Amino acid sequence: MVYGETAYEHLKQLNAFGSRVAGTEDERAAESYIKGEFEKIGLETSVQPFSFTRGGTSINSANVIGFKQGKSSKEIIVGAHYDAVSAGKGIDDNASGVGVLLEAAKALKDIETPYSIRFVSFGAEEVGLQGSKYYANQMDESEISNTVGMINLDSLAAGDHMYVYGGAGEAGFIRDLALEIVDEKDLNIGTNPGENPAYPAGTTGDWSDHAPFKNLGIPYGYFEATNWDIGDKDGYVQTVEHGAIFHTKNDTLEFIESAFPGRVKEHLSSFSLLLQELLKSLGSK
């Protein structure tokens, strides 16, 4: 098994669906593809439709959910949004996260994981975290207390460095375990060094799909590729050479691979290995 290989194939498939803007036919095509992949894997699959209003217009989107039973009924949510902005094709942001999620779902299908896993691909993240907010708002108290943590995968392909983040103190246990696996497997993944006091070491901002779960008191882990050493040291400037890739016309497979040869496959491989090992390790002790 070559880690990241399946994720890369999914990334290429998502590349064919255009820019996947929330509420468009492109987004619906990606939704259908992800649903089909969960079904092929053999996961208990469902679609959670939702709508929201933007600029006075009602927009329809959906979350796609694949459930894997574990040894315990306690659950981990693994999430990655599948929509994108109109610029580029959303390869980094966030076909990369969806690819790593789908690879893990397939790889772990027949492995008894300590916790049950709910793989969720969120719609409409780029227009105010609409999918993850809706999902979190639908959770009742028993579901919240039954959820051990949420792992968010967002923009994994283009940034100069690979990172894993988590909450402060004991709420950072997913990040801390991930960093133990990083050391054990000799992966080139670190965490936010904390040079910006607004984002203490090991943490990040509330700008992605982990935030609605964090607000419920659910601990999070978050995988991302960017560069915390440049710009305002807030993780928004992803690369020294070309600045931000996400939300620009450069967020295409062709550009990223020509500008950073080998980076996409390296990142998908490292993040896939880490996610799969993490999901096998959480709750095992």
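**View 1. His 81 and its acidic partners in the predicted model.** In this predicted model, the side chains of His 81 and Glu 125 are joined by a polar contact of 3.2 Å. A polar contact of 3.2 Å also links the side chain of His 81 to that of Asp 154. His 81 belongs to strand 3 (residues 72-81), and with a relative accessible area of 0% it is buried. Beyond its neighbours within four places in sequence, His 81 touches several residues, including Asn 94, Val 98, Phe 122 and Asp 209.

**View 2. A salt bridge in helix 1.** Here Lys 12 pairs with Glu 9, with 3.4 Å between the closest N and O atoms. The two sit three residues apart in helix 1 (residues 5-15), so about one helical turn separates them. Lys 12 is partly exposed at 36% relative accessibility, and Glu 9 is partly exposed at 40%.

**View 3. Salt bridges in and around helix 2.** Look for Lys 35 and Glu 39, whose side chains form a salt bridge (2.8 Å, N to O). Both lie in helix 2 (residues 25-41), four residues apart. Shared partners also tie Glu 27, Arg 28 and Glu 31 into one salt-bridge network. Within it, the closest N and O atoms of Arg 28 and Glu 27 are 2.8 Å apart; Arg 28 is partly exposed at 26%, whereas Glu 27 is buried at 0%.

**View 4. Helix 9 and the glycine after it.** Helix 9 (residues 263-281) should span 27 Å, and its end C-alpha atoms are indeed 27 Å apart. Of its 19 residues, 14 are buried, so the rest of the structure largely encloses this helix. Just after helix 9, Gly 283 adopts a positive phi of about 85°.

Methods
Residues numbered from 1 in each chain as written. Predicted model: local features only at pLDDT ≥ 70, side-chain atom pairs only at ≥ 80, totals over all residues. Heavy atoms only, no water. Expected span 1.5 Å × (residues − 1). Buried < 20%, exposed > 50% of the residue type's maximum accessible area, 1.4 Å probe, protein only. Polar contact = N/O pair within 3.5 Å; in protein donor to acceptor, adjacent residues only side chain to side chain. Contact = heavy atoms within 4.5 Å. Salt bridge = Lys/Arg side-chain N within 4 Å of Asp/Glu carboxyl O.
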